Amino acid sequence: MSRIVVLTGAGISAESGLGTFRDAGGVWTQVRLEDVATPEAFARDPAMVRAFYDARRDAARRAAPNAAHRALAALEAAGRDLLIITQNVDDLHERAGSRNLLHLHGELAKALCAGCGARWAWGEGPMTDDSACPECGEPGGVRPDVVWFGETPYGLDAAYAALGACETFVSIGTSGAVYPAGGFVREARAAGARTLELNLEPSEVSRLFHETRLGPASDLVPAWAAEILGV
C-alpha cells in the first residue's frame, strides 16, 4: 500500500490553462451544472452535453503538464511509494509521467456506453448520435466517461484502502467542497497520517489539516517534493 497519498483537484491544472470550477470565472459560473453534468441533462439534450465535453477534451489535449505535475511524477520515478488520487478528468498527470494513478471522476479521453456500460479510449473528433459502442454496437448512447453529479465516483474502495494505510496525505489544488473527496483528510487523519494542504487559498476543510501552505501549485508542489527527496 502507498505510503504517500496525494489528492489533486482542478487547481493543479489551472496553471496549464484549464479552468477551475468554483472560483470566480470558473466553469460553473459560465454554465449550469444541471445542463451538462447530470445523467438527466444527457437524456434531455445529448448533443449539447457532448459538445461541452468535446470542447473540454480539445482544451485538455492542447494543454501541457506544468511543474506541479512533473514534480509528482519525479517523486514516483525516484522510487517513492506514492499514489495520486485525482478529481481531474484531464490526462496531464499521465503525460507528466505518473503511472500510479486513480481517476475518481473518470477521464475526458475515454468514452462510456450509457447502454451496456462499456468503456474505451476515445480518439480524435467529436462524439455524435452516430457514434456506436464497440461492445454492443448500439449508437446514440455514447457519452464521455466522466462521473456526473448523482453518479458514484470510480475506485472508491481502492481510495479508502490507500487512505487507511498511508503515512502522509497531501491535498493539492482542491476546494474541499466535493464529496467524497472532501472527506479524505478525515479518513487519513483517523488512520494516523500526517496531512498537508497545498492550495492557492484555504479550502473548505483547511482546518482539518496539520499544515496548510498557500501559493501556486507550480511553486508549492516542487518545493514539497524536494523536501521529500531531501534535495
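## A buried ion pair in helix 5

Arg57 and Asp54 are both buried. In this predicted model, their side chains form a salt bridge with an N to O distance of 2.7 Å. The two residues belong to helix 5 (residues 46-62) and sit three residues apart, about one turn of the helix. An α-helix has 3.6 residues a turn, so residues three or four places apart point the same way.

## Other salt bridges

The structure contains eleven salt bridges. Among them is the contact between Asp91 and Arg95, whose side chains meet at 3.1 Å, N to O. Asp91 has a relative accessibility of 25% and therefore counts as partly exposed. Arg95 is likewise classed as partly exposed, because its relative accessibility is 38%.

A further salt bridge joins the side chains of Glu151 and Arg143 at 2.8 Å, N to O. With 26% relative accessibility, Glu151 is partly exposed, whereas Arg143 is buried, its relative accessible area being 6%. Glu211, Arg213 and Glu227 are connected in a network of salt bridges. Of this network, Glu211 and Arg213 fall within strand 9 (211-214), and Glu227 falls within helix 10 (residues 217-229).

## The parallel sheet

Six strands make up an open sheet with parallel pairing, in the order 3-2-1-7-8-9. Its edges are strand 3 (101-103) and strand 9, each of which pairs on one side only. From one strand to the next, the twist averages 15 degrees. Strands of a sheet pair through backbone hydrogen bonds, either parallel or antiparallel.

Strand 7 (168-172) pairs with strand 1 in the parallel sense through five bridges; here Leu7 stands opposite Ser171 of strand 7. Strand 7 also pairs with strand 8, again in the parallel sense and over five bridges, and the bridge partner of Ile172 in strand 8 is Leu198. Four of the five residues of strand 7 are buried, so this strand is largely enclosed by the rest of the structure.

Strand 8 (194-199) is in turn joined to strand 9 by four bridges, and these two strands run parallel. Within this pairing, Asn199 has Leu214 of strand 9 as its bridge partner. The connection between strand 7 and strand 8 includes helix 9 (residues 184-190), and the three elements make a right-handed β-α-β unit.

## Helix 10 against the sheet

Helix 10 comprises 13 residues, 217-229, and spans 18 Å from its first C-alpha to its last, close to the 18 Å expected at 1.5 Å a residue. Gly230 follows the helix and has a positive phi, near 70 degrees.

The helix lies across strand 1, strand 7, strand 8 and strand 9, and runs at about 150 degrees to strand 8. Its buried residues are Ala217, Ser218, Leu220, Val221, Trp224 and Ala225. These buried residues pack against strand 1 (4-8), strand 7, strand 8 and strand 9, and also against helix 1 (10-14) and helix 6 (67-77).

## His93 and its surroundings

His93 is located in helix 7 (residues 92-96). The residue is buried, because its relative accessible area is 1%, below the 20% limit for that class. Apart from neighbours within four places in sequence, His93 is in contact with Thr8, Ile12, His69, Leu72, Ile84, Thr86, Ser98 and Leu101. Several of these partners can be placed in named elements: Thr8 is in strand 1, Ile12 in helix 1, and His69 and Leu72 in helix 6, while Leu101 is in strand 3.

## Ala74 in helix 6

Helix 6 also contains Ala74. This residue counts as partly exposed because its relative accessibility is 36%. Ala74 and Ile4 are 70 residues apart along the chain, and their C-alpha atoms are separated by 14 Å. Ile4 belongs to strand 1, which is one of the strands that helix 10 lies across.

Definitions and conventions
Residues are numbered from 1 along each chain as its sequence is written. This is a predicted model: local features need pLDDT of at least 70, side-chain atom pairs count only at pLDDT 80 or more; totals for chains, interfaces and linings use all residues. Side-chain values use heavy atoms; hydrogens and water are left out. The expected span of a helix is 1.5 Å times one less than its number of residues. Buried means under 20% relative accessible area, exposed over 50%, partly exposed in between (1.4 Å probe, protein chains only). Contact means heavy atoms within 4.5 Å. A salt bridge is a side-chain nitrogen of Lys or Arg within 4 Å of a carboxyl oxygen of Asp or Glu. Two strands pair if DSSP finds at least two bridges between them. Axes are lines fitted to C-alpha atoms, for helices over the stretch in contact, and angles run from 0 to 180 degrees between N-to-C directions. A crossover is right-handed if, with the strands pointing away from the viewer, the path from the first strand over the helix to the second runs clockwise.
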